[in-house]
Amino acid sequence: MRLLRRLHADERGVSLAELIVALSVTVLLLAMVGAFFASVSRASTTATGVDSNTRVASTAMREMQRMLRVASNNPVSSGVDTQYAFQYASPTSARFFAYINLNSAVDVQPVEVQFTLDPAKGTITETKWNGTPTDVTKSYYDFPRASTATLTDRPTSTLTLASSVVPTTLFTYRDAAGAPIGAGASVLSAAQLQTVASVTVALTVGERDSTRPTAANNVSLTSTVGMPNLRS
């Protein structure tokens, strides 16, 4: 009888140990599976965010490149009042004349365009003004002008190019040698505006708070746009 009791006791002990090991292994496997799915979920969320931000940043960058590339001085019939391409330029806003084909049914026509980054809203807007012909041949056009960041004249169109834009120095203006113009200055002077030959555009789209996990989805694009119409 004593031998039987000892055998039963040994069997119960072995079974309990096996149960503990099995439970430990199960918990470990469940933890590994959970961690794997969490990792996959995070990677999927990050990839989706990066893809969305890339699309937004690319669309905005392409439009700014397209317009800046055709920046041009605005000719005037008198030849006295030279209207240089850039009318206003700061780290977050640029307003200039551009000659671009707005409609395939007509000749190339000039527009005045302004790109503005609103740090508070995190948006980049594109505002355009069509020129008014000043002669019957439509060789010369008149545009609203001001040395300030905004024009009181009603624009022809206003478009939001991007949202969720991280506030930064959007525009860096460069001279013909590629050197930055007005380093540290908030607004370029009239004399500096005349020397702009290219513009570096640096754009970041995503989470504005860099401490948040979703900041990993941020996408940054940088491009230096040459303006052949302004080469001397």
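Q: What makes R66 and E63 a salt bridge?
A: In this predicted model, the closest N and O atoms of R66 and E63 are 3.1 Å apart. The cut-off for a side-chain nitrogen of Arg and a carboxyl oxygen of Glu is 4 Å, so the pair at 3.1 Å counts as a salt bridge.

Q: How do you know that R66 and E63 are separated by about one helical turn?
A: Both residues belong to helix α1 and are three residues apart, which means about one helical turn between them.

Q: Why is E63 called buried or exposed, and what is R66 called?
A: Buried requires under 20% relative accessible area, and partly exposed covers the range from there up to 50%. E63 has 14% and is therefore buried. R66 has 37% and is therefore partly exposed.

Q: What makes D51 and R55 a salt bridge?
A: Their side chains meet at 3.1 Å, N to O. That lies within the 4 Å limit, so the pair qualifies. D51 and R55 are four residues apart in helix α1, and about one helical turn separates them.

Q: How do you know whether D51 and R55 are buried or exposed?
A: D51 has a relative accessible area of 40%, which places it in the partly exposed class. R55 has 55%, and exposed means over 50%, so R55 is exposed.

Q: What makes E112 and R95 a salt bridge?
A: The N to O value for their side chains is 3.6 Å, and the limit is 4 Å, so the pair counts. E112 lies in strand β3 and R95 in strand β2, so the salt bridge ties together parts that are 17 residues apart in sequence. Both ends are buried: E112 has a relative accessible area of 0%, and R95 is also listed at 0%. The structure holds three salt bridges.

Q: How many aromatic pairs are there?
A: Two rings pair if their centres lie within 6.5 Å. By this rule the count comes to five aromatic pairs.

Q: Why is the pair of F86 and Y173 called stacked, tilted or edge-to-face?
A: The ring centres are 6.0 Å apart, which is within 6.5 Å, so the rings pair. Their planes stand at 80°, and over 60 degrees counts as edge-to-face, so that is the name for this pair. F86 is in strand β1 (residues 86-90) and Y173 in strand β8 (residues 171-174), so the pair ties together parts that are 87 residues apart in sequence. F86 and Y173 are both buried.

Q: Why is the pair of F96 and F115 called stacked, tilted or edge-to-face?
A: The centres are 6.1 Å apart and the planes are at 40°. Stacked needs under 30 degrees and edge-to-face over 60, so this pair is tilted. F96 is in strand β2 (residues 93-100) and F115 in strand β3 (residues 109-118), and the pair links parts of the chain that are 19 residues apart.

Q: How do you know whether F96 and F115 are buried or exposed?
A: F96 has a relative accessible area of 0%, which is under 20%, so it is buried. F115 also has 0% and is buried by the same cut-off.

Q: Which residues form one aromatic cluster?
A: The cluster consists of F86, F96, F115, F171 and Y173.

Q: Which residues have the most contacts inside the largest nonpolar core?
A: They are M64, F86, F96, F171, Y173, V199 and L203, in a core of 37 residues. Elements that give two or more residues to this core include α1 (2-69), β7 (157-162), β9 (198-205) and β10 (219-226). The element that gives the most is α1, with six residues. In soluble globular proteins, nonpolar side chains tend to be buried together.

Q: Which residues does Y173 touch, not counting residues up to four places away in sequence?
A: Among them are F86, A89, I181, L188, V196 and V199.

Q: What makes V21 exposed or buried?
A: V21 has 51% relative accessibility, and exposed means over 50%, so V21 counts as exposed. V21 lies in helix α1. With V25, L28, L29 and M32, V21 forms a nonpolar patch on the surface, with about 480 Å² of accessible area together.

Q: How many helices and strands does the protein have?
A: There are two helices and 10 strands. Of the 232 residues, 32% count as buried.

Key. Residues are numbered from 1 along each chain as its sequence is written. This is a predicted model: local features need pLDDT of at least 70, side-chain atom pairs count only at pLDDT 80 or more; totals for chains, interfaces and linings use all residues. Side-chain values use heavy atoms; hydrogens and water are left out. Buried means under 20% relative accessible area, exposed over 50%, partly exposed in between (1.4 Å probe, protein chains only). A nonpolar core is a set of buried Ala, Val, Leu, Ile, Met, Phe, Trp, Tyr and Cys residues joined through side-chain atoms within 4.5 Å. Contact means heavy atoms within 4.5 Å. Patches are made of residues with over 30% relative accessible area and no salt bridge: like charges are joined within 9 Å, nonpolar side chains (Val, Leu, Ile, Met, Phe, Trp, Tyr) within 5 Å. Accessible areas come from the Shrake-Rupley method with a 1.4 Å probe; for residues, only the protein chains shown count as cover.
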